[in-house]
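Welcome, and thanks for opening the viewer. Let's take a short walk together, one selection at a time.

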Amino acid sequence: MSGNILDLKRRVGLVTGAGQGVGRAVALRFAENNAGGVVVNDFRLERAQAVAGEVEKLGVKALAAQCDVTSFDSVTAMFEKARAAFGKVDILVNNAGNAGADPSAVARKPFWEQEPKDWEPFLGTNLFGVLNCVRVAGPAMIANKYGKIVTVISDAGRVGEPNLEIYSGAKAGAAGFMRAVAKDLGRAGITANCVALGATRTPAIERATSDPEAVKRMLKVYQIKRLGEPEDAANMILFLSSDASSWITGQTIPVNGGYSFAM
Ligand SMILES: NC(=O)c1ccc[n+]([C@@H]2O[C@H](COP(=O)([O-])OP(=O)(O)OC[C@H]3O[C@@H](n4cnc5c(N)ncnc54)[C@H](O)[C@@H]3O)[C@@H](O)[C@H]2O)c1
């Protein structure tokens, strides 16, 4: 037994949207902390494969799993493949999300000019993707009497962001859902928590962060005067995925340089 309190004890993790950014950092943190296997999901197969390769370089078995988490059938098939490869999935990280990764999927119009079809990309991945994955992962976790579920939300979902109304609502919805799941599943030995991120340097926000002056303006509302790094998020997600957090459930923990505080 290592002295590492974050040791994952050979447990198997599935990380959605792990082809880059925060999800990639989580997959690598899992590999560095004695995961028994890592399922690297992304709807872009080449991204999932590249990160699965990085995980394997760290000596941990990885499965690159292409799947759009907005499709319940695809999520079901992905978990079947994961169980065929590893026997089980102990840890689910709902990381896939879209506030701006794919500009074509994001309605740039003010909310008051949007139509319901503009809302679908946000609700699809940020809310329905979480429901799909938890619905499919949960029964086997209950049968195994063990599970850790972590959902990545945004401070937008805690405090609300103008121009990101639907994203804010979808993330807040995911957090409310996770609190209910925590109450449902605590007695089965399963924890369910959220991590709420502030501006984190990933490809998703590359455009917004490529101009140093824009970053300076952004950081005015942060107490710690730097952007978050994917590893800042991954460290908290690793903690909530390990047994070090076994008495923490139903919480939303900000990792946000003090942009806003949790009460
Ligand atoms: N970067 C930030 O500043 C920031 C801030 C707050 C919250 N977040 C949240 O953190 C999470 C990770 O964000 P990131 O910045 O690393 O994003 P990113 O866009 O850099 O990476 C997300 C990955 O998820 C994949 N993906 C998107 N939709 C998917 C779907 N439906 N099914 C499967 N894969 C899908 C993309 O292909 C991409 O590889 C998201 O939930 C995001 O909302 C990020």
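**Start with the helices**

Select helix 1 and helix 9 (residues 230-241): the two pack at an angle of about 50°, and their axes are 8 Å apart. That angle makes helix 1 oblique to helix 9. Turn the view until one lies in front of the other, and you are looking at a right-handed crossing of helix 1 and helix 9. Please keep in mind as you go that this is a predicted model.

Now keep helix 1 selected and swap helix 9 for helix 2, residues 45-57. Here the axes come within 9 Å and cross at roughly 20°. Angles under 35 degrees count as roughly parallel, so helix 1 is roughly parallel to helix 2. The crossing of helix 1 past helix 2 is right-handed.

**On to the ligand**

Next, select the ligand and the 30 residues around it. Which of them come nearest? Look for Asp42, Asn95, Tyr167, Thr200 and Thr202. Color the shell by class and you should find 14 nonpolar, eleven polar and five charged residues.

Where do these residues sit in the fold? Helix 1 (21-32), which you have already met, supplies at least two of the shell residues, and so do strand 2 (37-42), strand 5 (147-154) and helix 6 (165-185). Show strand 5 by itself for a moment: its three residues are the largest share of the shell.

**Zoom in on the oxygen atoms**

Three stops remain, each at an oxygen atom of the ligand.

- Valine 22: a polar atom of its backbone is 2.9 Å from a ligand oxygen.
- Arginine 47: look to the side chain, where a polar atom lies 3.0 Å from an oxygen of the ligand.
- Threonine 202: an N or O atom in its side chain is 2.5 Å from a ligand oxygen.

To finish, switch on the surface. How much of the ligand does the protein bury? Taken alone, the ligand exposes 830 Å², and the protein buries 95% of that.

Note on methods: Residues are numbered from 1 along each chain as its sequence is written. This is a predicted model: local features need pLDDT of at least 70, side-chain atom pairs count only at pLDDT 80 or more; totals for chains, interfaces and linings use all residues. Side-chain values use heavy atoms; hydrogens and water are left out. A residue is near a molecule or strand if one of its heavy atoms lies within 4 Å of it. A polar contact is a pair of N or O atoms within 3.5 Å; within protein, one must be able to donate a hydrogen and the other to accept it, and residues adjacent in sequence count only if both atoms are side-chain atoms. Accessible areas come from the Shrake-Rupley method with a 1.4 Å probe; for residues, only the protein chains shown count as cover. Helices (H or I, at least four residues) and strands (E, at least two) are DSSP runs, numbered from the N terminus. Ala, Val, Leu, Ile, Met, Phe, Trp, Tyr, Cys and Pro count as nonpolar, Asp, Glu, Lys and Arg as charged, and the others, Gly among them, as polar. Axes are lines fitted to C-alpha atoms, for helices over the stretch in contact, and angles run from 0 to 180 degrees between N-to-C directions. Angles under 35 degrees count as roughly parallel, over 145 as roughly antiparallel, 65 to 115 as roughly perpendicular and the rest as oblique. A crossing is left-handed if the near helix is turned anticlockwise from the far one by less than a right angle, and right-handed if clockwise.
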